[in-house]
Amino acid sequence: MRHSRHIDAILPVAICCFTLLVSGCGGGGGGTALPPSFTLTATPGSVLVSPGSTSIPVQLSVQAADGFQGTVSVSLQGLPAGITTSPAFPVPISAGGGQAVTFTVAGTVLRGNYNLTFAGTSGTLSSGAPLVLTASGAPVSAAAQDFKRQVIYQIVTDRFFDGDSSNNNPPQSPGMYDATKTNWQFYWGGDLAGIQQQMTYLAGMGITAIWISPPADNIDVPANLSGTSYAPYHGYWARDMQQIEEHFGDINNTWTAFDNLVAAAHQNGIRVIVDFAANHSNPNDGGEFGALFDKGQAFASYQNDPAPPNNLFHHNPTITNFNDPFQLQYYTLDDLADLNQENTPVDNYLKSAVVQLMQHGTDGFRLDAVKDVTWGWEYSLANAAFNAGPTFLYGEWDISGTSDPTYLDSVEFSNRSGIALLDFPLANAMRDVFANNADFHEIDNTLDQEDSDFASPNDLVTFVDSHDLPRLLSLYNNQDRLNEALALQLSCRGIPVVLYGDEQYLHNDTNGGNDPYNRLWMSSFTTSTTAYQLVNLMANLRQTNPALAYGTSQQRWINSDVYVLERQFFNDVVLIGVNKSEAAAYNITGLFTALAPASYTDYLNSLMGGFSIQVNSGTNGNNPVTAFSLPPHTVSVWQSSSPATSPELGSLGPRVAQAGLTATAGGDGFGSSPGMVLVGTTAATVQSWSDSSVTFTVPSVQPGTYNIAVQANGGATSNSLPFVVLTGKQVPVTFTVNNVPLTVGASVYVTGNVLELGNNAQSASSAVGPLLLVPGASSSWFIDASAPAGAQIQFAFFQVLSDGSIVPEGIFHSYGVPSSGVGSISVTW
Ligand code: NOJ
């Protein structure tokens, strides 16, 4: 276009007139000279800037037309406080000239997309050029253990974005790529470079972490199962956990694409969580038949496995009873070659894979199928990860709800190991409420139950959709409901995960939207959807108001359609009201809040129909809210946050570790100069100190549970949180006891003189167990547990009878736990 482009926002009438004039000229004015004009352009049209770094320059240029010769004065509109430019505007640019502009973003600027306009004027002429500036988070400077202020975005790498077409059909694993994206079991081209190329989209959404599907090298030939050819596009069928899959990186299986992604994510304040499957290698009945490699060298053959006890795999039937602890841990999940973690080479292989990922910058792990891996071994896996450096772990313990038969096992697993869990009970309740229109009490009851059972409910990892479940929109195709579910999840206690594409309302309802139809191609990256903006707002709120990360939860008003939830951390409060009804407005009377008396606007800026409320003065943190009507399909968020005046402790991570390891205390008001961290009465060595985060070394104290508090430099001391100091580094140990004179209906437990075995307590809640019957035996029992490396321990077994009474073994056995690898001890009762 030759003529100047006027600024829509400023001169809509002029545009209209000028357009008419131009078309008039063009239509019949042959030979008439056109008036001079200019066009202002900005290249590129979008820029990503992280605090502390300077952007790549945006090049402004003024193109003159029809003899224009003046100087254009360019101003910049829409620049929020905290973003500065070099040079400062307005800037004169002469006809035919240009100007490079760089941006600097302060750390206080909220993450997100800012629509700016360069506006050029010269006399009566004008031209505008738009620029989208995306402000990301500050670069990640250190590994984190406290993820409670994070919002995680889950990506199935193969289905997100194709950033490198050269890896689509690699020579070592040809024929598994479908360019038409119609074969749902083949690779579609998404890769690590693709995620990196969408960094602006991710940063603009405000998310602070990505969870990527397993990047490990997967089988090179498809598994032909029941006549269908399956490629491992999802990443759960590893052939070599020590290198990167060629479809996601490069054909030499190097770490380059992974390292580049991590560097780009970290530069923009986004942490990288890797999905890691320790349960299995790959299908034992097709493809590569379970075979596993170590950096390209043969490591384990399922089909030619040594005899026990040197077997690298378990060769048991497929799990049929998902409530049977023996089947869960030692049987085969579907047809996936089940690794024998109690074999030293396998133990080393898996732990070194995790450590290597950490060395490549991985910030946290989503541990696949933790219910199906040996539970005690996983305690030692968590410890191995924490030994390698600060990290965050959360596991997939797939469960229907809090009355599921393995729910209490999941609670014990998480509380003892320090591994957080994906919150399946809450996800199922949320899906029931928002898709099936169930009563909000289902969510409320689930929160109550879990909050009283889990040691750290704020560490539960919440989700609404996942790559294993039909998307909510496939269950009930109503975008309002998805928005409402996300808004509640993002306000709720726990670390929220948003599944890729939910913010684009992606769904495919074939076969009820079940896998693989929930793993759609990410077809759009528009930033204008309500869900994208909602995630941005709530992710920023999680950074600015500690109530979301660390707060308590209190239901303040409920009926079948309405839920009003309050989160509170000292003086920080977030109150969210949701009405999921299609048609009914509800009068909200008798609502109380901890928000101080004042008027509060909707933090979501009416994105979902929200409005202001008036809080009046009451007593004891119960302030009455002036009654209001909550219309159908409305979400409103009211919040307040004030700087802490004394230390407020919200988080410890990890919660379980031995002396010498690094732990992080998260919270508010710690002050800028270092004070103390008190582990019981012992002062820990402080490694780093900021107002909201302190890292310290776990001191050499007697193993046990301690209250930890943060003491500010001036002496003010925070509330305390519990922390378990282990005896030492953990190794897995199999305890077996033979000839047990079992009383009918009794369970067998093991106790011992170390914290890990219950400090000799003969009670089911402190000791380790119940033990499982050794396969094929009638009186031999065993358990895979975790014990302090190198310790000389005394241990004993006991029975808990059905009436709760105890039958002790009566003697103690001695055992020297190995200092590395795995241990095993078998004794006679
Ligand atoms: C659970 C994962 O989420 C699922 O997608 C996978 O197929 C199985 N575990 C086996 O790895």
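**View 1. Strands β8 and β9 run side by side in opposite directions, as an antiparallel pair.** In this predicted model, 11 bridges join β8 (residues 112-122) to β9 (residues 125-135). Here strands (E, at least two residues) and helices (H or I, at least four residues) are DSSP runs, numbered from the N terminus, and two strands pair if DSSP finds at least two bridges between them. To find your way in, look for Ser122, which stands opposite Leu125 in β9.

**View 2. The β8-β9 pair belongs to an open sheet of 5 strands.** The order is β2-β9-β8-β4-β6, and the pairing is mixed. At the edges you will find β2 (46-49) and β6 (91-94), each of which pairs on one side only. Neighbouring strands of this sheet are turned by 30° against each other on average, direction ignored; such angles are taken between axes, which are lines fitted to C-alpha atoms (for helices over the stretch in contact), and run from 0 to 180 degrees between N-to-C directions.

**View 3. Another open sheet has 4 strands, with helix α7 lying across two of them.** The strands follow the order β47-β48-β45-β52, with mixed pairing. Because β47 (772-773) and β52 (823-828) stand at the edges with a single partner strand each, one side of each is left without a neighbour in the sheet. Strand β45 (residues 730-738) and β52 run parallel, joined by 6 bridges, and Thr734 stands opposite Ser824 in β52. Helix α7 (residues 375-388) lies across β45 and β48 (781-788), at about 15° to β48.

**View 4. Nine residues surround the ligand.** They are Tyr236, His280, Leu336, Arg366, Asp368, Glu396, His467, Asp468 and Arg519, each with a heavy atom within 4 Å of the ligand. This shell divides into 2 nonpolar, 2 polar and 5 charged residues; Ala, Val, Leu, Ile, Met, Phe, Trp, Tyr, Cys and Pro count as nonpolar, Asp, Glu, Lys and Arg as charged, and the others as polar.

**View 5. Now look at the ligand's oxygen atoms and their polar partners.** An N or O atom in the side chain of Asp468 is 2.4 Å from a ligand oxygen. For Arg366 the distance is 3.0 Å, and for His467 it is 2.8 Å. Taken alone the ligand exposes 300 Å², and the protein buries 83% of that (Shrake-Rupley method, 1.4 Å probe).

**Notes for all views.** Residues are numbered from 1 along each chain as its sequence is written, and side-chain values use heavy atoms, leaving out hydrogens and water. In this predicted model local features need pLDDT of at least 70 and side-chain atom pairs count only at pLDDT 80 or more, while totals for chains, interfaces and linings use all residues.

Technical notes: Contact = heavy atoms within 4.5 Å. Polar contact = N/O pair within 3.5 Å; in protein donor to acceptor, adjacent residues only side chain to side chain.
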